[in-house]
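Reader: I would like to learn how to read the surroundings of a bound ligand. Please take me through the case shown here.

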Amino acid sequence: MIVGIDAGGTLIKVAYTENESLQFIKFPIAEMDRVASWVNEQSDSKVCVTGGKAGVLLSLLNQEAREIVEFEATHLGVKFLLARMERQEESYLVTNVGTGTSIHCIENDRQERIGGTGVGGGTLLGLSHLLTGVTDYEEIVRMASAGSRDRIDLKVKHIYEGKEPPISGELTASNFGNNLFAVAGELSKEELLATVIGLVGETVSTVSVHAAKQCGCSTIIYIGSSFFHNPLLKEVVTSYTLLRGATPLFLENGEFSGAVGAMSLLQE
Ligand code: ATP
Ligand code: MG
């Protein structure tokens, strides 16, 4: 069996082959011991690890394992998952919305990290918790889908009252920037959570679109567990990316890019 593991700030992603088929599982970072025990129980396995917590995981393993730099693993994994979707892309941007957000330019099979933002999946969890008390990821996402941002966000058209704005009036002028004095006490958790997802989605897509212009590519591949079971974040990112003239692409199992990349190193 060959196993690739991406131990990130929040989640551990595992990709492995069993009877020729590719399997994926994830664990919260708090369950690192469980992941290590599982790996240690597998006889005759080859293992490669990556991610910020790779060193901690390695220290818990009984067997030799390889390690690969996270950005290189992600690049290899994205190439693998693109091929699996029968997509061929020459130059593109990869935006990994993990705990934080990291942005990479891929050109002629070389990757370069060109930036990022501290606004990411960790922000989604943290702000949601502080504003509503809800801490479960799946619950945050489900409740957000039932909420509206209309009373909390300020749009460009709200500022340009009775006048044609110089840019699309539908763009957000200020996330959480509406006049909240009148409504602050009556906002629902659903509205607040939808607005948090709007803030995260618009920030990562705005930064990505600028980065794509900088490196002259038009396709932006979005990966990271923040998109997992999260149709609202995908919708915000898709519409903002298209509005700004770039093409978004979400990879199937994209959150496993690092794990798959680590695994593919063992197949070489
Ligand atoms: P980084 O790459 O920044 O070190 P990471 O690799 O752990 O972090 P990802 O696994 O790509 O990051 O994404 C983590 C985010 O995914 C969380 O911040 C949260 O928004 C979201 N998420 C998806 N599923 C879960 C889950 N079951 N539990 C907690 N967060 C989840
Ligand atoms: Mg990660």
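Author: Start with domains: their bounds come from an automatic or database domain assignment. This is a predicted model. Domain 1 (2–85 + 256–265) and domain 2 (116–250) each give residues to the shell around ligand 1, so the ligand lies between them.

Reader: Which residues come nearest to ligand 1?

Author: A residue counts as near if one of its heavy atoms lies within 4 Å of the molecule. Around ligand 1 there are 16 residues, of which Gly9, Thr10, Lys13, Thr99 and Ser225 come nearest.

Reader: What is the make-up of that shell by class?

Author: The shell around ligand 1 holds 11 polar, 3 nonpolar and 2 charged residues.

Reader: Where do polar atoms of the protein lie 2.6 Å, 2.8 Å or 2.9 Å from an oxygen atom of ligand 1?

Author: A polar contact is a pair of N or O atoms within 3.5 Å. In Thr99 a side-chain N or O atom is 2.6 Å from a ligand 1 oxygen. Gly9 uses a backbone N or O atom, at 2.8 Å from an oxygen of ligand 1, and Leu11 likewise has a backbone N or O atom 2.9 Å from a ligand oxygen.

Reader: How much of ligand 1 does the protein cover?

Author: On its own, ligand 1 has 650 Å² of accessible area, and the protein covers 83% of that. Ligand 1 sits in the largest pocket.

Reader: Which elements give two or more residues to the shell?

Author: These are strand E2 (11–18) and helix H4 (121–132). H4 gives the most, with 3 residues.

Notes:
Residues are numbered from 1 along each chain as its sequence is written. Chains are lettered from A and ligands numbered from 1 in the order in which they are written. This is a predicted model: local features need pLDDT of at least 70, side-chain atom pairs count only at pLDDT 80 or more; totals for chains, interfaces and linings use all residues. Side-chain values use heavy atoms; hydrogens and water are left out. A polar contact is a pair of N or O atoms within 3.5 Å; within protein, one must be able to donate a hydrogen and the other to accept it, and residues adjacent in sequence count only if both atoms are side-chain atoms. Accessible areas come from the Shrake-Rupley method with a 1.4 Å probe; for residues, only the protein chains shown count as cover. On a 1 Å grid over the protein atoms alone, a cavity is a set of points where a 1.4 Å probe fits but cannot get out, and a pocket is an open set with protein on both sides within 12 Å along at least five of seven lines; lining residues have an atom within 4 Å of a point. A molecule sits in a cavity or pocket if more than half of its atoms lie within 2 Å of its grid points. Helices (H or I, at least four residues) and strands (E, at least two) are DSSP runs, numbered from the N terminus. Ala, Val, Leu, Ile, Met, Phe, Trp, Tyr, Cys and Pro count as nonpolar, Asp, Glu, Lys and Arg as charged, and the others, Gly among them, as polar.
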